[in-house]
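Here are a few exercises to work through with the model open beside you. Try each task before reading its solution.

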Amino acid sequence: MSDRQIVSSKTFCRRRLSWRTFGMVGATLVAMTILLWIAIHRVPWLGPWLADGVRAVVGPAPVAWAEDVAYGWQDRVNRWRHGKDAPHTYWEVPGDWVPVASASPVPAAAESSPPCFPPKNFEPPFRVVAASGDGVWVPVDGRASVGGQSVMFKTMVHPDHERPYTVLALVAMDVSKVRIHAVAGTLEPRSTTFPESLRTGIVPEAQRPSLIAAFNGGFQTIHGGYAMMVDGHRIGEPRADACTVGLYRDGTIRIRSWPDLEAETDRMTAYRQTPRCLVENGQRHPELENRYNTSWGAVVDGGTVIRRSALGVSKDGNVLYFGMGDSLTARSLADGLKAAGAHDVAQLDVNHVFPRFVFFAEGARGLEAVAPLCPGFSFSPGDYVRSPMARDFFYVTSVRP
């Protein structure tokens, strides 16, 4: 064999080895990425810990971009695997389901009478993906039952006709029978002037005898700088373009853009700001006409199909709605709450770990979180009552005779 042939042979081997090494490294990276993605969705603290660590080094924009890309691919995979599945449900609805459209018309006298609780069953937005039980309100038992009547009802709705696996779980609360309270987390929202004594991150002991449920608050400060007020103490400067959940001293709850509520803060016990209202005065935000609008959320954009949560209130203010679910866009979240009866809607926190709604009951160690609104949403029994929460949240107490 000539020297030239020997050199060519060695070059070929080196190239073959390089491509083999490149392939092995690539396969290893893909495998590690898949395992990391699974771990993030299985271990509640891992995702936020990684995201916050990377954010501290490179800033929020690259992390938001990476999350958008990852969730985009996850949505493509979900649509390929489950796009023709039967609609997913969180619970079974007892009895026969009667679509609202075919029910007997409401008498004229009843239409003019004051609204009552629970809210009326409603027609799902998209019949093609509706499941049995969509729009049918069922009572929540346990501590939500006061004087033999439930102050909370729940239902489901499938608000995305392209994704039958997208299901929004909803809770309706009787505003006359419950009180909503806001708590700052031990870390979030961030402030150098907010009293540390108010950063307990748990439900006050005095409120626990009537505690029914708790649910997540809004975004981290780094994602938009949305303000909050608790017991007259402000965290951050209110944004004029932000939607605001106002909790009033008389139990009233209003959700509007900040300019509409700014003059009423002296009548409030607390407020929490969020991105622009998804629904206001009964109208979906104009930018949501584009189903993949990218304006909602500073962590990930409004077009990203992710786990989301929101809070809404009826036109008369008598019913408060909480909604959460997976594979939601900002528009599908708005449509689901609007169909249920919400007249004004604010998006709360998003992403896999943060949206949650849990119910409380007496457990092995006293009062503790015992069940989520829907399965697959992580929580620990001590959350909100024994384990301080790093992020802000709302909790619900009953108004007992």
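**Exercise 1.** Find the bridge partner of Ser-309 in β16, then work out which strands flank β16.

*Solution.* Start at Ser-309: its bridge partner in β16 is Met-324. This is a predicted model, where local features need pLDDT of at least 70 and side-chain atom pairs count only at pLDDT 80 or more, while totals for chains, interfaces and linings use all residues. Residues are numbered from 1 along each chain as its sequence is written, and side-chain values use heavy atoms, with hydrogens and water left out.

Next, widen the view to the strands (DSSP runs of E, at least two residues, numbered from the N terminus). β15 (residues 306-313) and β16 run antiparallel, joined by seven bridges; two strands pair if DSSP finds at least two bridges between them. They make a hairpin with five residues in between, and Gly-317 in that turn has a positive phi of about 80°.

Now look at β5 (residues 168-174): seven bridges join this strand to β16, again antiparallel. Here Leu-170 sits opposite Gly-323.

Last, check the cover. Nine of the 10 residues of β16 (residues 319-328) are buried, buried being under 20% relative accessible area with a 1.4 Å probe, protein chains only.

**Exercise 2.** Track down the disulfide and say which hand it has.

*Solution.* Search the whole structure for cysteine sulfur atoms within 2.5 Å, and one disulfide turns up. Cys-243 and Cys-277 form it, with their sulfur atoms 2.1 Å apart. The torsion about the S-S bond is about 90°, so this disulfide is right-handed. Cys-243 belongs to strand β10 (residues 243-248) and Cys-277 to the loop between β12 (268-274) and β13 (279-280), so the bond ties together parts that are 34 residues apart in sequence.

Then check burial: Cys-243 has a relative accessible area of 0%, and Cys-277 comes in at 3%. Both count as buried.

**Exercise 3.** Which residues have the most contacts inside the largest nonpolar core?

*Solution.* Define the core first: buried Ala, Val, Leu, Ile, Met, Phe, Trp, Tyr and Cys residues joined through side-chain atoms within 4.5 Å. The largest has 48 residues, and Met-152, Met-173, Ile-180, Phe-215, Phe-357 and Leu-373 have the most contacts inside it. A second, separate core holds 21 residues, including Phe-122 and Leu-333.

Then zoom in on Leu-373. Skipping neighbours within four places in sequence, its contacts (heavy atoms within 4.5 Å) include Trp-91, Val-171, Met-324 and Phe-359.

**Exercise 4.** Lay out the order of the five-strand open sheet and pick out its edges.

*Solution.* The order is β6-β20-β7-β18-β19, with antiparallel pairing. β6 (178-183) and β19 (366-372) each have a single partner strand, so one side of each lacks a neighbour in the sheet.

Zoom in on β6 next: six bridges join this strand to β20 (residues 393-398), and His-181 stands opposite Tyr-395.

**Exercise 5.** Where is the pLDDT below 50?

*Solution.* Begin with the chain: its mean pLDDT (the predictor's confidence in each residue, from 0 to 100) is 81, and 69% of residues reach 70 or more. Residues 97-114 are one stretch below 50, with 15 contacts in the model beyond near neighbours in sequence. Residues 297-301 are also below 50, with 21 such contacts.

Terms used. Buried < 20%, exposed > 50% of the residue type's maximum accessible area, 1.4 Å probe, protein only. Helix = DSSP H or I, 4+ residues; strand = E, 2+ residues; numbered from the N terminus.
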